[in-house]
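User: Zoom in on the shell around the ligand for me, please. Start there and work outwards into the parts of the fold that go with it.

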Amino acid sequence: MSDQAGYGLLKGKKGIIFGALDERSIAWRIALACKREGADFVLSNAPIALRLGALNALSEETDAPIFPCDVSKEEEVEELMQKTKEHLGGVDFILHAIGMSPNIRKKVPYNDLNYHWMNQTLDISAISLHKILKYAEKTEVINDGASVVALSFIGAQRIFSKYSDMNDAKALLESIARNYGSRLADRGIRVNTVSQAPTETSAGTGIKGFDVMFTFAEKIAPLGNPTADDCADYCVTLFSDLTRKVTMQNLYHDGGFVTSGISEEMAQGLLKLYADEE
Ligand SMILES: NC(=O)c1ccc[n+]([C@@H]2O[C@H](COP(=O)([O-])OP(=O)(O)OC[C@H]3O[C@@H](n4cnc5c(N)ncnc54)[C@H](O)[C@@H]3O)[C@@H](O)[C@H]2O)c1
């Protein structure tokens with residue numbers, strides 16, 4: 001969708017957007033799309049990420065304040081929710097776009113994981129969703145009828161060897177979304193995960209073998225890989241009032257990859273490869 005045109009789908013809505021690091025971040029693209037659709041929000045990221053300074057540009061462009069929060073620190077999550085309440089009153093949507101694995105960063109093989117780092121992976125990438133929802137409820141900043149979206153990856157269901165302990169983190173993230181979704185449903189609050197295809201971002205390209213995962217998905221998915229901007233448009237629909245009965249789902253946003261076997265293009269390529277070998 002173009003940068004300017006919008007449908008006003010989020011007019012009057014307020015939210016919290018976690019995880020915008022730089023222009024390529026999926027959360028960055030979602031923030032722009034939410035602004036285009038008329039929302040007001042606060043931006044949050046870990047203090048160490050804010051030191052890069054890139055987020056200031058998004059803050060100015062979207063007129064959104066930045067509230068630092070390292071989601072591994074419970075007290076910071078609570079403080080963020082309180083500050084958001086003071087600033088916005090209540091929120092109608094929350095985006096969780098947070099992921100980090102020290103084991104992947106340090107290229108540790110799965111069968112030799114450092115467990116301290118694995119705990120950090122699970123804590124930052126998955127348990128943080130639990131903390132965010134817990135303090136959003138406790139501080140009463142989350143409004144009835146709100147929509148919560150966390151970004152996931154198909155590694156939760158299928159093995160992608162290079163995705164290492166992030167596969168486990170995404171499985172936990174999706175489980176927390178379902179469990180919390182069932183507990184918040186009496187307030188009309190929905191909690192879903194969006195399973196996005198490989199996307200060229202700082203976290204994505206930081207994975208060794210990302211290019212192969214990206215190309216594989218691109219060749220298999222009938223519609224091809226969706227971009228971060230495509231993901232942003234999809235998330236807008238989930239934050240809007242048009243999806244009020246969708247909850248506790250893991251929603252694939254992958255151009256049809258999840259239900260595809262092999263594409264004709266890939267089949268022909270493999271046949272040619274084997275013919276050349278013979
Ligand atoms: N890029 C992909 O291929 C892809 C595919 C599917 C899902 N996702 C998911 O999308 C989400 C966003 O990732 P992205 O690809 O836009 O990359 P990104 O690097 O732009 O975003 C990851 C964010 O997590 C933040 N973060 C890390 N540790 C934190 C902490 N302790 N407290 C608060 N924030 C912290 C980082 O600062 C960063 O902003 C992640 O959950 C990722 O797993 C990405």
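Analyst: Let's start with who supplies the shell: α8 gives the largest share, three residues. Helices here are DSSP runs of H or I with at least four residues, strands are runs of E with at least two, and both are numbered from the N terminus. Keep in mind that the model is predicted, so local features need pLDDT of at least 70 and side-chain atom pairs count only at pLDDT 80 or more, while totals for chains, interfaces and linings use all residues. Residue numbers run from 1 along each chain as its sequence is written.

There are 25 residues around the ligand, and Ser25, Gly99, Thr201, Ala203 and Gly204 come nearest (near means a C-beta atom, placed from the backbone, within 6 Å). Two elements give two or more residues to this shell: α1 (26-36) and α8 (202-205). Sorted by class, the shell holds 14 nonpolar, ten polar and one charged residues. For that tally, Ala, Val, Leu, Ile, Met, Phe, Trp, Tyr, Cys and Pro are nonpolar, Asp, Glu, Lys and Arg are charged, and the others, Gly among them, are polar.

Now follow α1 away from the ligand. Ten of its eleven residues are buried, so the helix is largely enclosed by the rest of the structure. (Buried means 20 or more other C-beta atoms within 10 Å of a residue's own, exposed means 12 or fewer, and partly exposed is in between, with C-beta atoms placed from the backbone.) The buried set isn't just greasy: next to Ile26, Ala27, Trp28, Ile30, Ala31, Ala33 and Cys34, it includes Arg29, Lys35 and Arg36. Just after α1, Gly38 has a positive phi of about 100 degrees.

Several α1 residues also turn up as hubs of the largest nonpolar core. Out of 70 members, Ile17, Ala27, Ile30, Ala31, Leu95 and Cys235 touch the most others. (A core is a set of buried Ala, Val, Leu, Ile, Met, Phe, Trp, Tyr and Cys residues joined through C-beta atoms within 7 Å.) Take Ile17: leaving aside residues up to four places away in sequence, it touches Ala27, Ile30 and Ala31 of the helix, plus Phe41, Leu43 and Leu95 (contact is C-beta to C-beta within 7 Å, again placed from the backbone). In soluble globular proteins, nonpolar side chains tend to be buried together.

Apart from that big core lies another one, of six residues, with Ala197, Met213, Ala217 and Ile220 among them. That takes us to α9 (residues 210-220), where Met213, Ala217 and Ile220 are buried. Looking down the axis of α9, its buried residues fall within an arc of 70 degrees, so they line one face of the helix (the arc is that of the directions from the helix axis to the C-beta atoms). That face packs against α11 (264-277), while Asp211 and Thr215 are exposed on the other side of α9.

Further out, a few loop residues are worth clicking on. Lys107 sits in the loop between α5 (102-105) and α6 (115-138), and Glu140 sits in the one between α6 and β5 (142-152). Neither is a glycine, yet phi is positive in both: about 55 degrees for Lys107 and near 60 degrees for Glu140. Most residues other than glycine have a negative phi. Lys107 has 10 other C-beta atoms within 10 Å and is therefore exposed; Glu140 counts as exposed because it has 10 such neighbours. Gly89, in the loop between α4 (74-88) and β4 (91-96), has its C-alpha atom 9.1 Å from that of Ile142, 53 residues along the chain.

Zooming all the way out, the protein has eleven helices and seven strands, and buried residues make up 46% of its 278 residues. Among contacts between residues at least 6 apart in sequence, 75% join residues at least 24 apart. The C-alpha atoms fill a box of roughly 70 × 45 × 40 Å along the principal axes. The radius of gyration is 19 Å, which agrees with the value near 19 Å for a compact globule of 278 residues; it is taken over C-alpha atoms, and the globule rule is 2.2 Å times the number of residues to the power 0.38.

Key:
Two residues are in contact if their C-beta atoms, placed from the backbone, lie within 7 Å.
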